[in-house]
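User: I want to see how the labels for this fold are justified. Take me through the reasoning, step by step.

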Amino acid sequence: MAMEVRARAPGKIILAGEHAVVHGSTAVAAALDLYTYVSLRFPTPHDNNDALKLQLKDVDLEFSWPVGKLKEVLPELGIKSASSPSSCSLETSKAIASLVEELNLADAKLGLASGISAFLWLYTSIHGDKPAKVAVTSELPLGSGLGSSAALCVALSAALLSLSDSSKLDFSHQGWQTFGESELDLVNKWAFEGEKMIHGRPSGIDNTVSTFGNIVKFRSGELTHIKTNMPLKMLVTNTKVGRNTRALVAGVSERAARHGSAMTSVFKAVDSISNEVVGIIQSPVSDDLAITEKEEKLGELMEMNQGLLQCMGVSHSTIETVIKTTLKYKLATKLTGAGGGGCVLTLLPTLLAATVVDKVIRELEDCGFKCLIAGIGGRGMEICFSGFSS
């Protein structure tokens, strides 16, 4: 008998404070109800499967590693505990890199290498050399600032831990369920280790939002969970323009060095905007009129934040095109994440007519952009057991 588990983890957006957070300001991040899904299935004795298989459905790729090969290349297999997340050693990192190099990925797919490395590290750390089939699919565009790598690491960690000794989930439960607080914390810690494999020195914001959901306030390394009952919907426009996050961050720091006093004022203003956003989100909502007033305030703050991001030099001609298009319909828009392309957020008020949304999407997609509508501030990681199969 074999059990299959599915895990899903949301992406994230930065509502306010990107770039300025590096310089001590507050940032606000929120879960986005677009998900990465990971399914995990261990073989039955009848399956005659003695390999670890990874299927990336969105790019139609499948990889396989015989367990004998994993034992040979990764001698530390099985000596770690799932309940004690640890960082990947340099020696193990090199061994995993050699396994990935042997896949001979095409140039166009080389961007997947770090994600495959994170998968191998997380899987072998939690389940050793046990054969299994893992499948991944995602609603999140890759490399566009919506936290796709963190969502992968969170969903993967959740699936792996759910079938380990450290989990206390109800296998008979129908539908999606989540972990308890201590188990969520364990998922988050393992996901952060996976993010390190991909990004080197991640902030931890992305995996925390993806694990716990809702909204997170972040300042100087301190994370605060913010709960909200205010329904927020965003139009997420993917400009399809790649960007170099490291170069954009460095550019802001260089500008801050050249114009110290002015940029300090910019960062201070962003901090005020972020805190005001949190205040609006946390305040109670009594009726539709109250929601409309809050949405108007939030829209104004988004526009102010975007103006300050332009001051930092991280906007882009495609972002400005999205802003001009949505402004015709009196909608508030700002970039999210690093800027320089990537994704752009437009607040969709509760009372906005669907016909207007359709018009905006048509205009933006005529410019070559890709649009998605998503709720924000929703649930974090969840697990679903598909039952038993022989």
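**Strands and helices, label by label**

Analyst: Start with one pair in this predicted model. Lys217 stands opposite Thr224 in strand 7.

User: What makes strand 6 and strand 7 a pair?

Analyst: Pairing needs at least two bridges. Strand 6 and strand 7 (residues 222-226) have five bridges, in the antiparallel sense. The strands therefore count as paired.

User: Which residue takes a positive phi in the hairpin of strand 6 and strand 7?

Analyst: Ser220, with phi near 45°. The hairpin has two residues between the strands.

User: How do you know that strand 2 and strand 6 pair?

Analyst: The cut-off is again at least two bridges. Strand 2 (residues 27-41) and strand 6 (residues 215-219) have four bridges, so the strands pair. The sense is antiparallel. One of the bridges joins Ala27 to Phe218 of strand 6.

User: Why are helix 2 and helix 3 called oblique?

Analyst: The axes of helix 2 (residues 90-101) and helix 3 (residues 113-127) cross at roughly 120°. Roughly perpendicular covers 65 to 115 degrees, and roughly antiparallel begins over 145. The crossing angle falls in neither class, so helix 2 and helix 3 are oblique to each other. The axes come within 10 Å. Helix 2 passes helix 3 in a right-handed crossing.

User: Which residues make the contact?

Analyst: Helix 2 contributes Thr92, Ile96, Leu99 and Val100. Helix 3 contributes Ala113, Ile116, Ser117, Leu120 and Trp121.

User: How do the residues of the contact of helix 2 with helix 3 divide?

Analyst: Seven are nonpolar, two are polar and none is charged.

Notes:
Residues numbered from 1 in each chain as written. Predicted model: local features only at pLDDT ≥ 70, side-chain atom pairs only at ≥ 80, totals over all residues. Heavy atoms only, no water. Axes fitted to C-alpha atoms, helices over the stretch in contact; angles between N-to-C directions. Parallel < 35°, antiparallel > 145°, perpendicular 65-115°, else oblique. Left-handed = near helix turned anticlockwise from the far one by under 90°. Contact = heavy atoms within 4.5 Å. Nonpolar A, V, L, I, M, F, W, Y, C, P; charged D, E, K, R; others polar.
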